Amino acid sequence: MTTVGSSFLTAGEKAALEETAASLATHGKGISACDESAGTIGTRFENVGIENTVENRRQYRQMLFETIGCEKYLSGAILDPETLLQKSDSGKLFPEVLTQKGIVPGVKPHLKVYELPGTNGDTVMQGLDALAVRCRAYYKAGARFAKWRSPLVIDVERGRPTDLAIRTNMHDLARYALICQSEGLMPIVEPDISLLGKHTLQEAVDVNIRVQSELFKAMRDHGVYMPGSTLKPNIVNPGKDCPIHYSVEEIAVANVFVLEQSFPVAMKGANYLSGGQDLPTALARLCAINRANTKGPWNLR
């Protein structure tokens with residue numbers, strides 16, 4: 001029998017990846033991104049007078065994961081590698097606690113950003129070296145998906161993002177996705193275009209199309225199994241300092257237009273990130289995007 005696409009995976013491996021992707025795309029549920037590093041969560045702890053210790057971080061994550069009824073609203077949870085190996089008071093590893101609630105545990109495998117020389121400040125995410133080894137360990141610890149973020153900034157006057165930054169970041173995302181799938185983890189790809197700047201909505205649309213087109217082409221060129229992967233995009237927005245006001249409906253139409261240009265129908269869905277928007281604004285825009293999506297088969301959350 002002829003194997004269709006991504007021949008490095010068996011039929012069973014493809015089915016497992018698709019099952020995870022479908023679970024994360026469950027209608028009416030979302031993914032909890034509780035993957036803050038020790039440094040990031042330490043700043044938040046400091047703001048409320050909590051000491052940033054390993055034990056306090058463990059107790060905080062335990063409070064989240066053992067909240068009664070959280071499984072009604074969560075399909076998955078992204079963990080920091082530290083959290084992946086921690087246990088609840090009952091002695092169960094956190095991935096087991098989540099799995100028993102029907103919440104798929106995932107992990108953040110990337111490291112820190114690095115500035116690309118000669119690009120006026122564009123960056124690339126580090127962490128591909130030894131990624132296969134880490135993914136194998138994450139899978140053994142109970143993770144079933146991963147999420148890699150590649151941040152980009154729009155600065156029209158300085159020519160950002162450069163073609164080099166787009167190409168480098170999207171090819172890194174594709175290589176990450178390929179490595180994850182080879183180790184049993186369903187990859188979430190996250191091209192994150194910042195809300196900072198004064199760019200217009202049309203300029204944001206143009207950049208997002210360039211970025212997503214490059215991403216999906218790179219994924220196919222790398223042999224990534226598309227039905228066994230999902231997207232975590234930014235909401236396509238004008239820059240925070242843009243002088244032009246756009247309605248929620250205009251922003252929604254722009255987001256659907258971007259998806260219709262290149263988002264593969266083979267992929268189950270997209271989990272939008274808020275990207276610096278306040279909660280009411282992000283929810284209003286997400287609801288409007290779903291109302292505007294009359295053609296695409298994806299579950300957008």
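These legends describe views of a predicted model of one protein chain.

**View 1. The whole chain, with its 10 helices and 10 strands.** The radius of gyration of the chain is 19 Å, close to the 19 Å that the globule rule gives for 301 residues, so the chain is as compact as a globular protein of that length. Along the principal axes, the C-alpha atoms fill a box of roughly 60 × 55 × 40 Å. Of the 301 residues, 51% count as buried. The accessible surface comes to about 14100 Å². Carbon and sulfur atoms account for 55% of that surface. Now take the contacts between residues at least 6 apart in sequence: 76% of them join residues at least 24 apart.

**View 2. Helix H10, residues 279–292.** This helix has 14 residues. From its first C-alpha to its last, H10 reaches 20 Å, close to the 20 Å expected at 1.5 Å a residue. Which residues of H10 are buried? They are Ala282, Arg285, Leu286, Ala288 and Ile289. Seen down the axis of H10, these buried residues fall within an arc of 165°, so they line one face of the helix. An α-helix has 3.6 residues a turn, so residues three or four places apart point the same way.

**View 3. The two sides of H10.** What covers the buried residues of H10? The cover includes helix H9 (248–262) and strand S10 (299–300). On the other side of H10, Leu279, Pro280 and Arg291 are exposed.

**View 4. A cis peptide bond before Pro161.** The bond runs from Arg160 to Pro161. Its omega is near 0°. Pro161 lies in a loop, with strand S6 (145–152) on one end and helix H7 (163–182) on the other.

**View 5. Asn120, a residue with positive phi.** Where is Asn120 found? It is in the loop between strand S4 (113–115) and strand S5 (123–125). Its phi is about 60°, although Asn120 is not a glycine. Is Asn120 buried, partly exposed or exposed? Its relative accessibility is 42%, so Asn120 counts as partly exposed. The partly exposed class lies between the buried cut-off, under 20%, and the exposed cut-off, over 50%.

**View 6. Ala130, in the loop between S5 and helix H6.** Helix H6 spans residues 131–140. Phi of Ala130 is near 65°. That is a positive value in a residue other than glycine.

Notes. Residues are numbered from 1 along each chain as its sequence is written. This is a predicted model: local features need pLDDT of at least 70, side-chain atom pairs count only at pLDDT 80 or more; totals for chains, interfaces and linings use all residues. Side-chain values use heavy atoms; hydrogens and water are left out. Helices (H or I, at least four residues) and strands (E, at least two) are DSSP runs, numbered from the N terminus. The expected span of a helix is 1.5 Å times one less than its number of residues. Buried means under 20% relative accessible area, exposed over 50%, partly exposed in between (1.4 Å probe, protein chains only). The arc is that of the directions from the helix axis to the C-beta atoms. Contact means heavy atoms within 4.5 Å. The radius of gyration is taken over C-alpha atoms; the globule rule is 2.2 Å times the number of residues to the power 0.38. Accessible areas come from the Shrake-Rupley method with a 1.4 Å probe; for residues, only the protein chains shown count as cover.
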